[in-house]
Amino acid sequence: MVEELAQADDAVAACVDAATWTLTEHDLIAALDAAHRLEQRLAAVKLALIRELDGRGTATAQGASSTGVWLRERLRLTIATARRLVDLAAVLDTGNPGVRQALADGHISLDQARVIADTVNTVQTTAGPEAADKAVSLLTDWAGQFDPTHLRTLGTRILEHIAPDLADAAAHAALEADARRATRDRHLTLSTLTDGRLRLTGTLDTETAGLFRAAIDPLSTPSGTDDSRSPGQRRHDALADICQLALRTGELPDSGGDPAQIVVTTNYDGLTQQLSSGALDIGLHLTPDTVRRLACDATILPAVLDSAGQVLDVGRQRRLITGPLRRALVLRDRGCAFPGCDRPPRWCHAHHIHHWTDGGTTNLDNAVLLRGHHHRHVHQTDWVVRLGDDGHPEFIPPAWLDPEQLPRRNHYHRQT
């Protein structure tokens, strides 16, 4: 087998640098189909090898705790991907041989094989081997028309086609199997990148997915006609809003005896001169602009140091817009005051119109409610915030957006 795979590797390598531009559209499509079919056949070979290695105990013999962990290191996979390969290899080896053969023939993809194997296992448990054989045949045919997601949906109703009298029981069994699989596979991984950012990867179970979508979808809509953020950026900012709201509730568990909070350490002189960067208590660094914006927010605990490194102020109350002052601000603004935004008060930060770091006071005449996205927007762009003659906030757009720079107001929360 090693020799044959080496020959296949050479053949594929010869195709890597081939001049695809010389091919006709018909040949391009044919080549794509052939490459995809070859990929699935190689996946079948790979799973057979994994199954044999797992059966021999190679991983533990080489010091790994499991075959999944060994594969992660050997093939540089995520642990979730490695474990799914081990599980699928076992299912294809011990389950209905028709699924393994369909993958080896290149008729189904690896993801489709996983769906079919799960479905066939449920069918066999519910209706026996003869029904399972029929299910493999039917699902393999459907795989030529439907992607894995649609295939799984169809699989929940497959007994309506091959054993109608058992359909209800099978549907119930399939739901329970899906629930067990979702519970088993749920995870969330936080990976710190070299520049201090955080990568989130994971799989949510069905219930948590529903909760997450219910919370994040309303916050991910464009905030107005001038919202240029991509959908991914809007979801990112929505997650930040949710975290801000959770911190604001004061109901999170203590961490080391202290309430859940963010601590930003910075230099006082540099902060007032708009030059000082900052550092979070988890060791990540922030730009001066970010530090100045965070200084507005009551959920941030600033640790401001003098030139000798001594703490001058940790969360002084006269800086924070809290208590009766925030309640008065909510009564006045009724939500995010930025033009066109409909976010309610609980999603909003309290922003100092004249920045606190520039000597601004903490009172109602120097405060405005802004949702997280608009808070960042005001700090990073040339929008000007002020209170009108009637004491309500208005926003002057930058000249590039409106050459006349006519003041704008939010009319979602009040009509005037």
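Select the hairpin of β1 and β2 to begin: 5 residues lie between its strands, and Gly196 takes a positive phi near 95°. The model is a predicted one, in which local features need pLDDT of at least 70 and side-chain atom pairs count only at pLDDT 80 or more, while totals for chains, interfaces and linings use all residues. Residues are numbered from 1 along each chain as its sequence is written, and side-chain values use heavy atoms, with hydrogens and water left out.

Colour residues 187-192 as strand β1 and residues 198-203 as strand β2, and you will find them running antiparallel, joined by 6 bridges (strands are DSSP runs of E of at least two residues, helices are runs of H or I of at least four, and both are numbered from the N terminus; two strands pair if DSSP finds at least two bridges between them). Within this pair, Leu188 stands opposite Gly202 of β2.

Move next to residues 384-387, strand β10, and residues 393-396, strand β11, which pair in the antiparallel sense over 4 bridges. Picking Val385 leads to its bridge partner in β11, Phe395. These strands also form a hairpin, with 5 residues between them, and in the turn Gly391 has a positive phi of about 85°.

Now turn to the helices, selecting α4 (residues 67-75) together with α5, whose axes are 8 Å apart and which pack at an angle of about 125° (axes are lines fitted to C-alpha atoms, for helices over the stretch in contact, and angles run from 0 to 180 degrees between N-to-C directions). α4 and α5 are therefore oblique to each other, a class left over once angles under 35 degrees count as roughly parallel, over 145 as roughly antiparallel and 65 to 115 as roughly perpendicular. Show the side chains of Thr67, Gly68, Val69, Leu71 and Arg72 on α4 and of Ile79, Ala82 and Val86 on α5, since these residues make the contact, where contact means heavy atoms within 4.5 Å.

Keep α5 (residues 79-94) on display and add α7 (residues 110-127): their axes come within 10 Å and cross at roughly 55°, so that α5 and α7 are likewise oblique to each other. On the α5 side, select Arg84, Leu85, Leu88, Val91 and Leu92, and on the α7 side Leu110, Ala113, Arg114 and Ala117, which together make the contact.

Finally, stay on α7 and select Asp118, whose side chain meets that of Arg152 in a salt bridge at 3.4 Å, N to O (a side-chain nitrogen of Lys or Arg within 4 Å of a carboxyl oxygen of Asp or Glu). The pair links distant parts of the chain, 34 residues apart, with Arg152 in helix α9 (residues 148-155) and Asp118 in helix α7. The structure holds 16 salt bridges.
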